[in-house]
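Reader: I am new to this structure and would like to begin with a close look at one small part before I turn to the rest. Please take me through that part slowly, and then show me what lies around it.

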Amino acid sequence: MTLYAAFGAIEQGFVYGIMVIGVYLTFRILDFPDLTVDGSLPLGAAISAVAITSGVNPYLSLLLAVAGGFLAGVVTAVLNTKFKILHLLASILTMIALYSINIRIMAGPNVALLGSETVFDSVTRLGVPAHFAGLIIFGSFAVLVVCLIVWFLGTELGQAILATGDNPQMIRSLGVNTDAIIILGVGISNALVALSGALVAQNQGAADVGMGIGTIVAGLASVIIGETVFGCRTIGRAFIAALLGSIVYRLAIALALSFEIGGFRFNPSDLNLITAVLVIAALIAPNLKRRLIAH
Amino acid sequence: MIRLENIIKYFHKGSVNEVFALNNLSLQIEEGDFVTVIGSNGAGKSTLLNCIAGGFFPDSGSISIADHDVTRWPEYQRARFIARVFQDPLLGTCPSATLEQNMALAIRRGLKRGLARGVKAADRLRFRKELEHLGLGLEDRLLDKVGLLSGGQRQALTMLMATMIRPEVLLLDEQIAALDPKTANQILSLTHDIVRQQGLTTLMITHNMKHAIAFGNRLIMLHQGRIILDLSGAAKENLTVADLLAQFYKTQGEELALDSLLLG
Ligand SMILES: Nc1ncnc2c1ncn2[C@@H]1O[C@H](COP(=O)(O)OP(=O)(O)OP(=O)(O)O)[C@@H](O)[C@H]1O
Ligand SMILES: [Mg+2]
């Protein structure tokens, strides 16, 4: 793997790491398997790109994307809590609805940002070389998000979110409206996913309706790799692990894609296979380790 | 304090599994009453407590607590007035949160939860003191996850959490059923102390006739979703286990007779 490829992988690890934090919040904290993310990632991208092309400040466009993502999460969670639709099904419904909505927002399957001002320009303008701008922006956003979410989960409200995932009956009998908490939590999760999508779009210079495909798979892979490699004993540790898991996942993919023996190479269409193998490896690694140590 | 009027509750109404769980049940409990609740399996004891706590809405009838008509209040809203301890020690606490986090959750029962720290430094001192009071050595384990505690320790913690801020009503559903006899007695005397000190209005379900007689100032027996025995004052004080068993088997006998009629 070239240094250039490794660099790119770390960059991707950070920006998609924001999505992974969101996935961790639903899957692990709230125990709410949420597939909305495949739609809310391009939703964030679409909102941000369209806002920018209509002259909105790129940072403000991120805020709009976050709001859009939050709303998408709210729809899924309301379908589940108020209308009693199974969480997986509710999230799939929102996801497919978002496919059409994203095309409506962009008035087509994609929007290019050619020549428009993006958040990266605010960094390059300070004299930072263009190839570092991505790393700086993505890295700062990702670290900021981890800090914010860990702080938030330590508040009274955050503790109620943790308890809702852990023991809903108990926290309800302590006066917490668990439906409202689930709506809030799934909303925040998708807000983060949309932020991730918006940043990706600004970096790539385009938003595309297909860019969300496989988001949930990558998210889960990163979560599982993070947990296996870095552990999750405390909440702080768990979210740092999720972010690092995202970086390891992107590095592993880059490594696999650069792999070559004889005439054989992986190509991008093998990505799903590689991801599946990575997740399986991460899932069975702790077992294997235990067995090796025991013998 | 609590007033139930003509409560009717069916489960799975209209299906083959239909259960008539509460049969036109009325009950009035005064402030400071400690009521023990007995009855055979399936009599509707847990359903009665659940109905008061708001786990479901009755099909008809009304419920008021502390002069508020709470019939249509969801469970989380009624938590303002009610604290509960469940039969299953796993239900009362969050396993992956620490002792202090659990206690911090409990002292905000029925209050708004905002962006202040979940566990506040000032509260830690209080938690430690309260745990010391339990005498189980838990005061040094504030940072341990509750999942690491034994069932008895968890139940003691739940009991403490239920009463750290004074509830108007304390609902205990066989809170010692899952514990060994020694721990069960500890928890029971803890219950007794707390209820007496704070003068709490309490409903306690038990299958132990001795406990039902020894505790509280009033005893009710449920059968098929109805109250078939309601004793307080001298009538309860002079009650013996033998009397109670006689009553108990009388209802069972009816059931047997009915069964043999139906089957015969
Ligand atoms: N959620 C529910 N759904 C369906 N039926 C229920 C439900 N809860 C209780 N029941 C039924 O209502 C009846 C009363 O049950 P309840 O749990 O109140 O009994 P109990 O007196 O607490 O018995 P036990 O001593 O065994 O705990 C039973 O027939 C039970 O099967
Ligand atoms: Mg019961």
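Is B:Glu174 buried or exposed, going by its relative accessibility?

Author: The model is a predicted one, in which local features need pLDDT of at least 70 and side-chain atom pairs count only at pLDDT 80 or more, while totals for chains, interfaces and linings use all residues. Residues are numbered from 1 along each chain as its sequence is written, chains are lettered from A and ligands numbered from 1 in the order in which they are written, and side-chain values use heavy atoms, with hydrogens and water left out.

With a relative accessibility of 14%, B:Glu174 counts as buried, a word used here for residues under 20% relative accessible area, whereas exposed stands for over 50% and partly exposed for what is in between (1.4 Å probe, protein chains only). The residue belongs to the loop that runs between strand E7 (169-173) and helix H6 (181-198) of chain B, where helices (H or I, at least four residues) and strands (E, at least two) are DSSP runs numbered from the N terminus. Its backbone also deserves attention, for B:Glu174 is not a glycine and yet has a positive phi of about 45°. Most residues other than glycine have a negative phi.

A second residue of chain B can be set beside it. B:Asp67, which is likewise not a glycine, has a positive phi near 65°, and B:Asp67 is found in the loop between strand E4 (60-65) and strand E5 (68-69) of chain B. Its surroundings can be read from its accessibility, since at 80% B:Asp67 counts as exposed, while B:Glu174 at 14% counts as buried.

From the backbone we can pass to paired charges. Side chains of opposite charge can pair when their charged atoms come close, and the term salt bridge is used here for a side-chain nitrogen of Lys or Arg within 4 Å of a carboxyl oxygen of Asp or Glu. Over all chains the structure holds 15 salt bridges, and one of them, in chain B, joins B:Arg218 to B:Asp230, whose closest N and O atoms are 2.8 Å apart. This pair links distant parts of the chain, with B:Arg218 in strand E9 (residues 218-223) and B:Asp230 in strand E10 (residues 226-232) of chain B, twelve residues apart. B:Arg218 counts as buried at 10% relative accessibility, and B:Asp230 is partly exposed at 38%.

Another pair of chain B is B:Arg128 and B:Asp140, with the closest N and O atoms 3.5 Å apart. Here too distant parts of the chain are linked, as B:Arg128 lies in helix H4 (residues 121-134) and B:Asp140 in the loop between H4 and helix H5 (151-163) of chain B, twelve residues apart. B:Arg128 is partly exposed, with a relative accessible area of 34%, while B:Asp140 at 60% counts as exposed.

In chain A, a salt bridge (3.6 Å, N to O) joins the side chains of A:Asp179 and A:Lys82. They are 97 residues apart, A:Asp179 in helix H9 (residues 178-204) and A:Lys82 in the loop between helix H3 (58-81) and helix H4 (87-106) of chain A. Both count as partly exposed, A:Asp179 at 23% and A:Lys82 at 46%.

Finally, the two chains meet. If contact is taken as heavy atoms within 4.5 Å, 31 residues of chain B are in contact with 21 residues of chain A. A network of salt bridges links A:Glu156, B:Arg108 and B:Lys120, and the count of salt bridges between chain B and chain A is three. One salt bridge joins A:Arg172 and B:Glu75, where the closest N and O atoms are 3.8 Å apart. On the side of chain B that touches chain A, helix H2 (75-78), strand E6 (82-85) and helix H3 (99-106) of chain B each supply at least two residues. H3(B) gives the most, with four residues.

Disulfides, meaning pairs of cysteine sulfur atoms within 2.5 Å, number zero over all chains. For A:Cys147 no bond is formed because the closest cysteine sulfur, in A:Cys232, is 19 Å away, too far for a bond.
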